[in-house]
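Please explain how this protein chain is put together, beginning with its sheet and moving on to what is packed around its strands and found in its loops.

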Amino acid sequence: MTPSPCRSVLFVPASNPRAIAKARGLNCDIVILDLEDAVAPDAKEAAREAACEALREGGFRPRVGVRINPHDSDWGEADTRALAEVEPKLIVLPKVERATQIKAVSRAMGGHTSLWAMIETPRALFNLEEIAQCEAPIDALMPGVNDLAVALGATLGPDREPIKSWLAMIVAAARVSNNLAIDGVYNSIDNLDGLAAECAQGAAFGFDGKSLIHPSQIDTANAAFAPDAAAVAHAREIVEAFSSPDAEALGVVRIDDRMVERLHLEQAKRLLARHDALVEAQSRE
């Protein structure tokens with residue numbers, strides 16, 4: 001099955017009706033109605049009701065999901081019970097540290113909802129394999145860079161140097177379990193050059209898309225995480241070269257002045273799958 005694009009994942013406060021209305025027509029790949037960080041404690045119940053009503057109404061151009069509160073918080077179980085009645089296609093689980101948290105939500109949702117796990121604590125970092133390979137299962141790992149930096153006592157600069165190793169580990173865990181890896185948010189709304197640099201960094205790490213906090217960030221993320229024409233053309237060359245009868249028994253082929261291994265063939269196939277998913281999604285609009 002062709003994977004759906006997830007270049008741009010926009011978090012929208014479920015307590016903000018104007019933001020939800022605007023999100024219905026945005027060109028991001030996924031909208032996440034947020035019940036957690038973006039909602040004040042005294043607005044949690046109203047936000048939950050608003051998210052459920054928005055899901056019932058539908059009409060979203062992007063795919064839509066919900067980030068619930070942690071399952072062991074004052075609101076997590078109520079979030080899950082309410083959402084089970086409207087059956088969202090995607091739920092983002094914050095502050096996941098153990099597979100048991102994933103299993104609890106999966107059971108409550110009847111096992112029919114895509115679950116994404118946010119990695120935001122030191123304990124989660126040391127339990128990445130358990131989380132990524134939970135039999136529930138999950139479909140994506142997402143670093144919560146702000147929470148993670150605070151928990152580690154790290155100070156994040158423009159290049160995110162203190163957490164680079166952990167970003168790489170999250171991507172590696174996602175790849176081992178054949179999951180998506182969605183990069184964390186960029187906090188400066190007005191600095192699009194900085195956002196572009198961080199998107200490029202995330203793409204270089206192997207992330208499939210970027211978490212966003214404002215609609216102005218969508219175009220930058222979409223551009224950064226879409227395969228460019230040159231990369232697509234080169235990937236097609238690799239697939240064609242290894243499809244030749246003469247290459248069936250070869251582990252390496254020559255394309256122009258470069259030697260290309262079969263591991264690059266798998267990489268090329270993944271890139272073409274992302275490209276085809278994007279073309280297919282755009283053709284439905």
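Helices and strands are here the runs that DSSP assigns, with at least four residues for a helix (H or I) and at least two for a strand (E), and they are numbered from the N terminus. The structure itself is a predicted model, and the account below should be read with that in mind.

The overall arrangement is that of a barrel, into which eight strands close in the order S1-S2-S3-S4-S5-S6-S7-S8, with parallel pairing. Neighbouring strands of this sheet are turned against each other by 25° on average, when direction is ignored.

Part of the barrel can be followed strand by strand. Strand S2, which covers residues 30-34, runs parallel to S3 and is joined to it by five bridges, and within this pairing Leu33 has Val66 in S3 as its bridge partner. Strand S3 (residues 63-67) is in turn joined to S4 by two bridges, again with the two strands running parallel, and here Arg67 stands opposite Val92 of S4. Between S4 and strand S5 (residues 114-119) there are four bridges in the parallel sense, and Leu93 is found opposite Ala117 in S5. The connections between these strands pass through helices: S3, helix H3 (residues 76-86) and S4 form a right-handed β-α-β unit. From S4 the chain crosses through helix H4 (residues 99-108) to S5, in a β-α-β crossover that is also right-handed.

Strand S4 shows how side chains are distributed about the sheet. In a regular strand the side chains alternate between the two faces of the sheet. In S4 (residues 90-93), Leu90 and Val92 point one way while Ile91 and Leu93 point the other way, and all of them are buried.

Leu93 also leads into the packing of nonpolar side chains, since it belongs, with Leu33, Leu83, Ile102, Ile119, Ile131 and Leu141, to the residues that touch the most other members of the largest nonpolar core, which has 59 residues. Ile131 can serve as an example: leaving aside neighbours within four places in sequence, Ile131 is in contact with Val96, Glu97, Arg98, Ile102, Ala117, Ile119, Ala124, Ile138 and Leu141. Apart from this core lies another one, of twelve residues, which include Ile32, Trp116, Met118 and Met142.

The loops hold several residues that deserve separate attention. Glu36 lies in the loop between S2 and helix H2 (44-57), and Glu36 counts as buried because its relative accessibility is 5%, under the cut-off of 20%. The side chain of Glu36 is joined to that of Lys95 by a polar contact of 2.8 Å. Not counting residues up to four places away in sequence, Glu36 touches Lys44, Arg67, Ile68, Asn69, Pro70, Pro94 and Lys95.

Further along the chain, Pro137 is found in the loop between helix H6 (128-132) and strand S6 (140-143), and the peptide bond that joins Ala136 and Pro137 is cis, with omega of about -10°.

Two residues that are not glycine have a positive phi, namely Arg160, at about 55°, and Asn178, at about 60°. Arg160 lies in the loop between helix H7 (145-152) and helix H8 (164-176), whereas Asn178 lies in the loop between H8 and strand S7 (180-183). Arg160 counts as buried because its relative accessibility is 2%, while Asn178, at 72% relative accessibility, counts as exposed.

Notes: Residues numbered from 1 in each chain as written. Predicted model: local features only at pLDDT ≥ 70, side-chain atom pairs only at ≥ 80, totals over all residues. Heavy atoms only, no water. Core = buried A, V, L, I, M, F, W, Y, C linked by side-chain atoms within 4.5 Å. Buried < 20%, exposed > 50% of the residue type's maximum accessible area, 1.4 Å probe, protein only. Contact = heavy atoms within 4.5 Å. Pairing = 2+ DSSP bridges. Right-handed = clockwise from strand over helix to strand, strands pointing away. Axes fitted to C-alpha atoms, helices over the stretch in contact; angles between N-to-C directions. Polar contact = N/O pair within 3.5 Å; in protein donor to acceptor, adjacent residues only side chain to side chain.
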